[in-house]
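Q: Could you take me through one part of this model closely, namely a place where two helices pack against each other? I would also like to see what lies around that part.

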Amino acid sequence: MLRRARLGLRQVLSLMARRPALLCGAIVLGVLLVLAVKFTCSRANNVVAAAKPPLRFFSPDSPVVDLYLGQLDQIERLRSVAEVSFVFFYAPWCAHSMAARQEVQLVAQKLAKQVLFVAINCWWSRGRCRRINRFHQYPVIHLFYRRFGPIEYSGPVVAAYMESFILRVITPLTYLPSRDALREFLSCHEPRVVGFFQFNASPQPPGYVTYLASALQALKRDFHGVVRFGVVTNREVADALFLKEDESVYLHRRFNSSLIFPRWERNFTSRAVCSWVFEHRENVLPWLQPPGTKSRLLEKELSKGAALLLFLPHDPLVLEPRGLLKQVSDVALRYHACDTHDNYLTSASGCCHSVPVPDPALRCEVCSSAPCSAVTPPAPQRHCGSFLLTYSPLSQHSSCCWKLRPQLEPTRGKEPRPTGPEGLKGLRCHTNKTLRFYLLDMELNWPLAVRLGAPTSGNSSSWPNGGAQVQGDGSFAAIVNLKDEVHYVLQRNPAATLTESLEAFIWNFSAPYSLLHRHLVGEDSRERSHRQAEVPQPLLAELTTSSFLPRVMDLEKDVLLFYYTHWCGFCSVLNHVLIQLARLMQRHTSVTVARVNVARNDLPWEFMVDRVPSILFFPRYRKQLSVKFPDHLPITLPNLLRFILKHSSWPADKTDAGGVGGAVLRAESESLRREVRTLHRARELLSQQLAQLWRDNRQLRSDARGLAAQNAELRKERHDLEERRREKSRQLAEALRRLRQLADASENLLNQNTLLKFVLRALRESAEVQAADKGDPDPEEEEEEPPREGGLLAS
């Protein structure tokens with residue numbers, strides 16, 4: 001191939017050598033091509049206007065350093081002088097960034113002395129941040145603890161939540177100086193991790209840095225900081241947890257034996273410790289925070305089984321549970337306490353460790369040197385054995401597995417249930433209806449609570465189904481069973497506490513014959529009736545969740561029910577057919593034409609349909625014999641009438657002139673006759689109006705022609721007047737010119753007359769002087785003589 005290319009190039013060069021004109025033409029074409037490309041690019045650069053430089057996103061008075069030109073290189077310089085850094089990546093046009101700006105400023109004003117707050121515009125095309133980072137959404141928040149980071153914050157962009165997260169990053173470890181502090185630290189329902197490090201040998205043990213990094217790694221996974229890490233430096237305090245070796249990591253668990261990080265199996269790294277903690281932790285009461293966008297977080301958790309969703313007012317700045325959260329955590333701990341010891345000093349035997357197994361009712365203990373007798377039940381209830389590890393034949397291990405307390409006998413609804421703190425203890429292991437507890441912030445997840453049945457306001461009158469309501473403490477609870485497509489709402493007694501209400505709610509759900517009633521979400525029929533109080537009664541009865549059964553199950557009426565949704569376009573096309581049918585049936589009070597919006601109103605399972613639009617007919621006295629309109633028939637007025645006449649309770653004798661079917665047909669015929677007579681009268685009235693309009697149109701045309709002739713005459717007169725005006729103007733201009741000439745001539749004559757008078761006076765004075773000298777007669781007498789020719793005066 002290369003040889004052929006060389007031969008082709010030689011042939012081209014030889015051809016150009018023989019024909020110089022061809023070589024010159026090729027050179028000229030190449031130069032023209034380069035000039036054309038350059039000219040095109042230069043024009044494109046002139047056409048595209050340069051982007052305007054961005055402006056500051058934060059105010060100059062804010063403690064946030066605003067790098068609005070995307071100076072990513074300056075972040076490293078600023079981070080080098082700060083212990084903890086808060087980096088806020090934003091886009092100036094992003095609405096979420098604009099909403100988060102005020103929240104970040106509030107946090108910065110509180111923690112500006114402890115944390116460096118930096119905001120960078122990562123959308124400016126000329127900035128280095130845009131060229132390096134490719135964010136798919138804004139804003140993005142990163143935190144850096146010294147050289148560790150970035151720790152991305154994935155929680156809600158709310159000042160309180162961000163401040164709580166920053167405080168956890170500032171102090172990722174809790175120092176436990178005494179046994180009382182350790183006991184209080186482990187008494188919470190949340191997972192707790194304790195590390196034992198002695199600071200005697202060196203200022204900072206090597207494993208301590210790894211343990212600190214593992215606490216920061218945990219914050220990457222959970223922005224709530226549910227898993228708290230503590231550190232113990234005193235050996236006496238560590239002995240309470242049976243920690244003998246230095247640099248040990250202890251995971252406290254309430255319902256299984258606590259674990260110690262196996263350094264002989266895993267590398268002691270921050271990622272390994274964090275993964276081990278999240279793998280073996282007991283998450284009794286986790287927090288859920290749907291991101292507010294399209295995500296499957298809620299579906300993923302609800303698909304695991306029945307869930308108790310607890311909406312509580314939450315303050316993330318409060319580290320320890322208080323008030324309502326404390327009550328809920330106590331209920332959750334008693335529910336999950338399946339024959340376990342609450343004292344953490346006895347649950348950790350020192351030699352035994354629990355092993356996770358798939359069966360939640362099975363518990364296994366593995367001991368390294370001693371038999372598992374401290375925490376296991378008597379011999380008849382357990383199955384024990386011993387084994388040798390393959391990699392260590394000299395170490396003997398023993399294992400014991402046993403079933404938890406057997407399931408209680410099902411209690412009937414009339415039998416009294418256990419009350420008090422022990423009534424709910426261990427119920428998770430005694431029932432097949434296991435519940436998962438989840439916490440949600442009421443303020444951030446209020447739309448979800450409303451969708452589950454919470455009112456739009458605290459007033460109980462706004463509830464569509466009555467009963468349950470949000471109490472004065474602001475809590476709301478619901479059990480959602482996604483498998484059975486059902487959920488229940490906690491209906492609290494105002495005189496009972498939240499703990500008592502939750503215990504009764506959980507017990508009634510766990511009973512074999514549940515006393516709870518399924519909550520159906522629907523529109524408020526009372527608000528609808530209030531809105532329609534001042535308008536006439538509609539032809540189509542609009543049913544809701546609360547009014548569905550009373551209207552449909554009315555034994556005295558035949559009900560034709562139309563299922564529709566607001567997003568179904570074909571359903572809206574059929575409205576005129578239903579209105580015509582309801583108008584025909586309006587005279588007969590025994591027939592009701594109704595419809596229900598199944599997208600906004602939950603219905604019992606037996607009344608749901610698999611498609612929309614669908615039509616069901618419920619005959620009176622025989623509601624159990626409801627019939628569906630055939631899918632293969634078009635939904636027209638004649639077909640609906642035949643369907644009603646066929647399945648209704650009307651007389652079957654078609655020849656009966658007094659039957660309801662004949663009455664309906666006569667009513668329809670009479671209605672059609674009235675409509676025809678009305679149309680005839682409307683036609684005659686329309687003909688009269690058209691004739692009058694034709695006459696008016698003819699008169700208007702005649703008037704228009706007369707007005708056009710008058711307009712022509714007026715235009716001619718206007719033209720004559722314009723000619724006369726121009727002629728008069730010309731004459732006036734000529735007269736004005738002559739007057740100006742006469743004025744100029746009169747002015748010249750006046751000047752000459754003045755000059756003559758002056759000369760005459762001069763001559764008279766000269767003559768008088770001469771007469772006085774020569775004794776001549778009086779010049780006045782001489783003046784009476786006529787002047788002589790050729791004299792000065794004649795001239």
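A: Happy to. A crossing counts as right-handed if the near helix is turned clockwise from the far one by less than a right angle, and as left-handed if it is turned anticlockwise. With that in hand, and keeping in mind that this is a predicted model, let us look at helix 4 and helix 6.

Helix 4 passes helix 6 in a right-handed crossing. On the helix 4 side, the contact is made by Glu103, Val104, Leu106, Val107, Lys110 and Leu111; helix 6 brings Ala159, Met162, Glu163, Ile166 and Leu167. Sorted by class, these are eight nonpolar and three charged residues, with no polar ones. The axes of helix 4, which spans residues 95-111, and helix 6, which spans residues 159-170, come within 9 Å and cross at roughly 45°. The two helices are therefore oblique to each other.

One residue of that contact, Val104, also leads us to Phe88. Beyond its neighbours within four places in sequence, Phe88 is in contact with Val104, and also with Ser97 and Ala100. Its other partners include Phe57, Phe58, Val118, Ile120, Pro139 and Ile141.

Phe88 belongs to the largest nonpolar core, a set of 53 residues. Together with Phe86, Phe117, Leu143 and Val169, Phe88 is among those that touch the most other members. Helix 8 (residues 206-221) gives this core its largest share, eight residues. There is also a second, separate core of 34 residues, and its members include Leu312, Tyr335, Leu424 and Leu498.

Conventions
Residues are numbered from 1 along each chain as its sequence is written. This is a predicted model: local features need pLDDT of at least 70, side-chain atom pairs count only at pLDDT 80 or more; totals for chains, interfaces and linings use all residues. Side-chain values use heavy atoms; hydrogens and water are left out. Axes are lines fitted to C-alpha atoms, for helices over the stretch in contact, and angles run from 0 to 180 degrees between N-to-C directions. Helices (H or I, at least four residues) and strands (E, at least two) are DSSP runs, numbered from the N terminus. Angles under 35 degrees count as roughly parallel, over 145 as roughly antiparallel, 65 to 115 as roughly perpendicular and the rest as oblique. Contact means heavy atoms within 4.5 Å. Ala, Val, Leu, Ile, Met, Phe, Trp, Tyr, Cys and Pro count as nonpolar, Asp, Glu, Lys and Arg as charged, and the others, Gly among them, as polar. A nonpolar core is a set of buried Ala, Val, Leu, Ile, Met, Phe, Trp, Tyr and Cys residues joined through side-chain atoms within 4.5 Å. Buried means under 20% relative accessible area, exposed over 50%, partly exposed in between (1.4 Å probe, protein chains only).
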